[in-house]
Amino acid sequence: MKMATADVRVSRGNIESARRLIETAKKYKERYSELGAKRMGDLSRGQKPTKLAIMPAHGINEFQVDATKEYKPGQIFTVTCAESISFEEDSVAKGSVFYAIEHLKIRDIEVHGPGKPPASSGRALQKEFPVWSEIAAMDSECGWGLKLGTAGSTAKATSHYYYYEAGRSTGEGWLVDERYQHGGDTTGLGNALLMSQSRISSSSVGHFATEALVIECADSRIIGRQVFEGHDIALVSNAGNVLSPIALDAIEAAVKEGVPAIVIMGHSNCGAVGAAIAKNTEAPLAEIMLAVQTNIAGWENNVQTLVEVRNAFASVEMLQGIRRPEVYPGRVGEVANLISQRGTAVVPLYLDLSSGEIGGGI
Ligand SMILES: [Zn+2]
């Protein structure tokens, strides 16, 4: 893949750093092939994740390093929310959660957030995790029967809460403070990510990563941490790997911090792109559909692989300031200016789930 990069100035150091990342990503197929041909074939046809993880964008990435080691592609659908663990401001995140529950029928949900667990009451938890109230509201609207966030109820969905506390002004960063589980089925805990006692290393609040911020699809088959194994990266996940409000906030913070590369990683058999081509009209998915549809405008009749590549490229071009943004134009413009000032590398990559092969680069 070659980009029209003539008027995009990226600093030499940033390009070199990005190339090291790309080199690692291109080796992913070797590890991916350890999954075996049948499982790879299954993964390339569709996803059947059993768990939804909602994680904040900020400061928790060090934790994710430990947690995602245990994942296998296809198990956990991951959605990034703002630090306050609300998706009120981000309909892309909200739509991604909707997709996980309504389309993928996931009933095992975990929420990760900062702070200490409140007293064991549903109301306190809802206050602590606004996202939970929002899911509960969607639940009653959509009739999922999740029965979330009510103390003492027999939850049909399992719900795990993970709290973290910042090392206050010590610069030591986020620590996994305590694991708190509320209501419902506890059997999921055995499979839960074993992070409760692990310490999150050396990051200060606000630290993203030193090598890259990766915008990836929430799709459970995409695990950016494994693609870039050994590199210090931060991740934002949403359905369709689009420039959502949270993604834009994260990119801005990362670029300000001097992160050398922003990676937009598309993939094959993407449900969000497929839904955009099919002109899905479900209200909770509207903002995701709008973002993807404007990205792929004029390309819809190509084979889906090309459309998926186009979807990732469009975001790259907007961040490079060479394509006019139609969704969140003000924010995209601000972030693109910052990227141009800092000479940050913006890299499109594409993961083929039938082989683990990664295309793209700079
Ligand atoms: Zn996808």
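**Exercise 1. Decide whether Ala250 is buried or exposed in this predicted model, and find the element to which Ala250 belongs.**

Solution. Begin with the element: Ala250 lies in helix H9. Next, take the neighbour count, which for Ala250 is 26 other C-beta atoms within 10 Å. The cut-off for a buried residue is 20 or more such atoms, so Ala250 is buried. As a further step, look along the chain to Val236, which is 14 residues apart from Ala250, and note that the two C-alpha atoms are separated by 7.7 Å. Finally, place the helix as a whole: H9, residues 245–256, lies across strand S6 (212–217), S7 and S8, and runs at about 165° to S7.

**Exercise 2. Work out the order of the strands in the open sheet of 5 strands, and say which strands are its edges.**

Solution. The order is S7-S6-S8-S9-S10, and the pairing in this sheet is mixed. The edge strands are S7 (233–238) and S10 (357–360), each of which pairs on one side only. Neighbouring strands of the sheet are turned against each other by 25° on average, if direction is ignored.

To see what mixed pairing looks like here, take two pairs in turn. S8 and S9 (residues 345–352) pair in the parallel sense over 7 bridges, and in S9 the bridge partner of Met265 is Leu349. S9 and S10, by contrast, pair in the antiparallel sense over 4 bridges, with Gly359 in S10 as the bridge partner of Tyr350.

The link between S9 and S10 can then be examined: the two strands form a hairpin with 4 residues between them, and Gly356 in the turn has a positive phi of about 80°. The faces of S10 complete the step, since Ile358 and Gly360 are on its covered face, while Glu357 and Gly359 are on the uncovered one. A helix also lies against the sheet, for H12 (residues 304–319) lies across S8 and S9 and runs at about 160° to S8.

**Exercise 3. Describe the surroundings of Ala261, and state which residues it touches beyond those up to four places away in sequence.**

Solution. Ala261 lies in strand S8, which covers residues 261–267. With 27 other C-beta atoms within 10 Å, Ala261 is buried. The residues that Ala261 touches include Asn14, Ser17, Ala18 and Leu21, together with Glu211, Ala212, Thr344, Ala345 and Val347. Asn14 deserves a separate look, because Ala261 and Asn14 are 247 residues apart in sequence and yet 6.6 Å apart in space, C-alpha to C-alpha. For the protein overall, among contacts between residues at least 6 apart in sequence, 73% join residues at least 24 apart.

**Exercise 4. Explain why strand S2 is described as largely enclosed by the rest of the structure.**

Solution. Count the buried residues of S2 (residues 76–81): 6 of the 6 are buried, so the strand is largely enclosed by the rest of the structure. Then separate the two directions in which the side chains point, with Ile76, Thr78 and Thr80 going one way and Phe77, Val79 and Cys81 the other way, all of them buried. The partner of S2 is strand S1 (residues 51–56), which runs parallel to S2 and is joined to it by 6 bridges; within this pair, Ala53 stands opposite Thr78.

**Exercise 5. Determine how the buried and exposed residues are arranged around helix H7.**

Solution. Helix H7 (residues 130–142) has 13 residues and reaches 18 Å from its first C-alpha to its last, close to the 18 Å expected. Its buried residues are Val131, Trp132 and Ile135. Seen down the axis of H7, these buried residues fall within an arc of 100°, so they line one face of the helix. The face turned away from that buried side carries the exposed residues Ala137, Ser140 and Glu141. Just after H7, Gly143 takes a positive phi of about 70°.

**Exercise 6. Find which stretches of the model call for caution when it is read.**

Solution. The mean pLDDT of the protein is 78, and 71% of its residues reach 70 or more. Over residues 149–156, however, the pLDDT is below 50, and this stretch has 24 contacts in the model beyond near neighbours in sequence. Over residues 165–206 the pLDDT is also below 50, with 86 contacts counted in that way. Where pLDDT is low, the predicted coordinates should not be read in detail.

Conventions:
Residues numbered from 1 in each chain as written. Expected span 1.5 Å × (residues − 1). Buried ≥ 20, exposed ≤ 12 C-beta atoms within 10 Å, placed from the backbone. Arc of directions from axis to C-beta. pLDDT = per-residue confidence, 0-100. Contact = placed C-beta atoms within 7 Å. Pairing = 2+ DSSP bridges. Axes fitted to C-alpha atoms, helices over the stretch in contact; angles between N-to-C directions.
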